[in-house]
Every structure is written in structure tokens, then in C-alpha cells.
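Q: I am new to this structure and would like a close look at its aromatic rings. Please give the setting beforehand, and some other local details afterwards.

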Amino acid sequence: MAKELDIAGMLEGYDKDKITIATVCSHSSLQIFDGARKEGFRTLGISVGERMKIYDAFPKAKPDEFLKVDGYSEILERTEELREKNVIVIPHGSFVEYLGADEFRKLALPTFGNRRVLKWESDRNKEREWLTSAGISMPEIVPNPEDINRPVLVKYHGAKGGRGFFIAKDYSDFKLGIDHTKEYHIQEYVMGTRYYLHYFFSPIKTEGYRTKNGVLELLSIDRRDESNIDEMYKLGSQEELKKMRVFPSFVVTGNIPVVIRESLLPKVFDMGERAVNRAYELFGGLYGSFCLETIVTDQLEFKVFEISSRIVAGTNPFISGSPYSDLMQEDLSTGRRIAQEIRLAVETEQLGRIIS
Ligand code: ATP
């Protein structure tokens, strides 16, 4: 854990004028490197295997240097040389997923954000406890498959990017689709439109939408393109397709920028504020970027089905800003906002408040 690792001690030994922003070459790394460079930082890309060539196609987002490793676990062994370069690591979805949450907690490098969140986020029950105790509405759970009497989503634990989820409308649908070798839970299928809200919380900024522990920002919103559910309608009814054993899947393949109706913004901020306030009570805070994955019903109510406590790939369409971040500062991506926060923390000697 962060305390045992003595992250504060590591930061003390750092040359603050030579901080290097590092992340794994994947997911949102183009945006992170581009944003870091715009804020005057050196950048380092950790390439798991041969990932370097693609950056030649995007020179403005090419890191200053690469560290090539053969597998994710090798990163854990190479931390000393990274610390010598004054590296601050920016975690993203692929980094945490493929290294593994438990391993990530042991990573002996200063990391942007609060790694204590991992315990709450990677366990679906704890995630639900956090959000519902914050007063955030989530899809209902159906404990017993025999009680399915409306559309539900059967979610396998540890599914990556919705792979293998399936929709059931009754018990016989469930029996047809279920793989009993895997752990699962059954969730009400919320009918509505999906919005993935990209927030940023700063415990050190003083101006903006103030909350108990700092300032909350909304940087952008996306909707995910999911294969094959998003295009499946072209083949006719799902019932017909089911007979041919063709089932919908929810594998993320891309992201589309969206804006939400303006009258929903107070609710958007209220939910973000609740998630952060409760995080401070439960485990010392949620700082930096995070995302609430939501569905808005035709009653204009939000249901949150997941929280991601770091930069999400849905921020990638906004390298040059979004309709929301444009109203704070032009050309502000989430990647750049992260770098700004680190810069502000260095200047005000508060790195310990945003790094763990
Ligand atoms: P990731 O970790 O990449 O976010 P995941 O495997 O945890 O993915 P979810 O994000 O929970 O999966 O869900 C995948 C997709 O399934 C969502 O993007 C959404 O399209 C759909 N979905 C999830 N929960 C619900 C729900 N309760 N009602 C309707 N659709 C849902």
C-alpha cells in the first residue's frame, strides 16, 4: 500500500524541476503525452512489447523516451530506474487492468490519484456500497434468476469491456445464455441513453465549482461505440437472431463526443460531488480524473452503473478540448488537465495531496 511504499519519501528525493510524466503506451497515452508536453514536462512511454512505431505517426504525442518491457509485471522490477528519472505515473484503464489492481497497489512509483480507491472500485459490492451510500442511484440487482420479469443484463465478474455480458428477459433466456462456470450478477437493464461523464476533482485548486474538499470540474462527455449491440438492429429482431445463436455483446470499440441537455448539468455536478465527498469519508478521497458511467431514463433520471477512478478512453476525442473544457480554458484535454494539476502541486509544494 501507499504508506508502506513511502511515496512521500520518494517524492522528497525527486528533482522537482525534472519531473517526467510516464504511462503505458496504450489506452489514452497519446492524450497524456500531448497534454504533459503542453505543460512543459518530459514524457516517458512504457512500451509493453513493440508499441513504439505508432507514435511516429503522431509526432506531437510521441514521448521523449521509451522504456520497453516484455510484460506488465516487468514494470514492477524496473521502478528504480524510473524513479531516477523523477517519474510520476499516470494510471489508465489498460495499465491497471493488465497489470492487475493488486499489483498496481504495489507499484513503487509516485502515482497520480489515490490508489486506495482500487479496493473500492475493483470489487463490485464495495463499489455499490460507496455509490449508493453517497445517495447515487444505481440499476437494481435481481438476486434470483427465477425472478427475472423484465430486461436484465447478466454481468460476469472480471469481464473486460463488457465481453460476454448478455441480456435476458425471463428465466428461460437466462438458462439459455448462462455460463455457470463463471461468477455473475444480474442487473436491471436500464432503458435510456448512455452518458459517460468525465470529471476532474482538484483538492488544491481554489476557484470553480467548490465542494467540501476542493473543486469539481466537468471536462467532457462521451458515448461508447459498442460491438456488436450498437449496429445489431440492422439484422432485425434480437429474438430471431437468438434462434441462430447470435447474441448481443458490449465490447467497446470507440468513443463518440456528446453533450447533455443543459438542464441536466446540476444533477451531473451533484452526482460527482456526492461520489467525491463519500470517497473522502471512506478512503481518503478521489482526486484527479474519474468517470461516472450513466444511463438517463425518459424520466430524466440518472442511473450510474459504474465508476472509473482515473482517466477513461472516452476522453480521447477531446485532445483539443470539449464543449465543457472550452468554457474553462481553450485546448484543455483531460491529459493536459492532469499535467496542470501536477504543475500546480509542484509550484505550491502540495504534490503529496494528489499523488499516492
Ligand atoms: P468497463 O470496465 O470497460 O467499463 P465492464 O466490463 O465493467 O466495462 P460495464 O461498463 O459495466 O462493463 O458495461 C458494459 C456496457 O454494458 C455499458 O457500456 C453499457 O452499454 C451496458 N450496460 C451496463 N450496465 C447496464 C445496465 N444496467 N443497463 C443497460 N445497459 C448497461
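A: What follows goes from the whole chain to the rings, and then to a few other places.

This is a predicted model, in which local features need pLDDT of at least 70 and side-chain atom pairs count only at pLDDT 80 or more, while totals for chains, interfaces and linings use all residues. Residues are numbered from 1 along each chain as its sequence is written, and side-chain values use heavy atoms, with hydrogens and water left out.

The protein chain contains 13 helices and 13 strands; these are DSSP runs numbered from the N terminus, with helices being H or I of at least four residues and strands E of at least two. Its radius of gyration is 21 Å, close to the 21 Å that the globule rule gives for 356 residues, so the chain is as compact as a globular protein of that length. That radius is taken over C-alpha atoms, and the rule is 2.2 Å times the number of residues to the power 0.38. The C-alpha trace spans about 60 × 45 × 40 Å along its principal axes.

Of the 356 residues, 54% are buried. Buried means under 20% relative accessible area, exposed means over 50%, and partly exposed lies in between (1.4 Å probe, protein chains only). Among contacts with a separation of 6 or more, 64% join residues 24 or more positions apart, where contact means heavy atoms within 4.5 Å.

Now to the rings. The structure holds 16 aromatic pairs. Rings of Phe, Tyr and Trp (its six-membered ring) pair if their centres lie within 6.5 Å; planes under 30 degrees apart count as stacked, over 60 as edge-to-face, and the rest as tilted.

One of the pairs is formed by Phe-95 and Phe-104, which are edge-to-face, with 5.4 Å from centre to centre and 85° between the planes. Phe-95 has 0% relative accessibility and counts as buried. Phe-104 is buried too, at 2%.

Tyr-196 and Phe-305 also form an edge-to-face pair, because their ring centres are 6.1 Å apart and their planes stand at 85°. This pair links distant parts of the chain: Tyr-196 belongs to strand β8 (residues 193-202) and Phe-305 to strand β13 (residues 302-308), 109 residues apart. Tyr-196 is buried, with a relative accessible area of 1%. Phe-305 is buried as well, with 14%.

Elsewhere, Tyr-156, Phe-166, Tyr-171, Phe-174 and Tyr-184 form one aromatic cluster.

Another aromatic residue, Phe-33, is among the buried residues of helix α3, which also include Ile-32 and Asp-34. In this helix (residues 29-38), 7 of the 10 residues are buried, so the helix is largely enclosed by the rest of the structure. Those buried residues pack against β1 (20-24), β2 (42-48) and α13 (334-347). Just after α3, Gly-40 has a positive phi of about 85°.

Some backbone details remain. Leu-300, in the loop between β12 (288-296) and β13, has a phi near 60°, a positive value in a residue other than glycine. Leu-300 is partly exposed, at 29% relative accessibility. Glu-349 is found in the segment after α13 and likewise has a positive phi, near 55°. Glu-349 is exposed, with a relative accessible area of 75%.

Strand β10 (residues 214-228) contains Asp-225 and Asn-228. The peptide bond from Ser-227 to Asn-228 is cis, with omega near 5°. Asp-225 is partly exposed, with a relative accessible area of 31%. The C-alpha atoms of Asp-225 and Asn-255 are separated by 5.6 Å, although the two residues are 30 apart along the chain. Leaving out residues up to four places away in sequence, Asp-225 touches Asp-230, Val-251, Val-252, Thr-253, Gly-254 and Ile-256.
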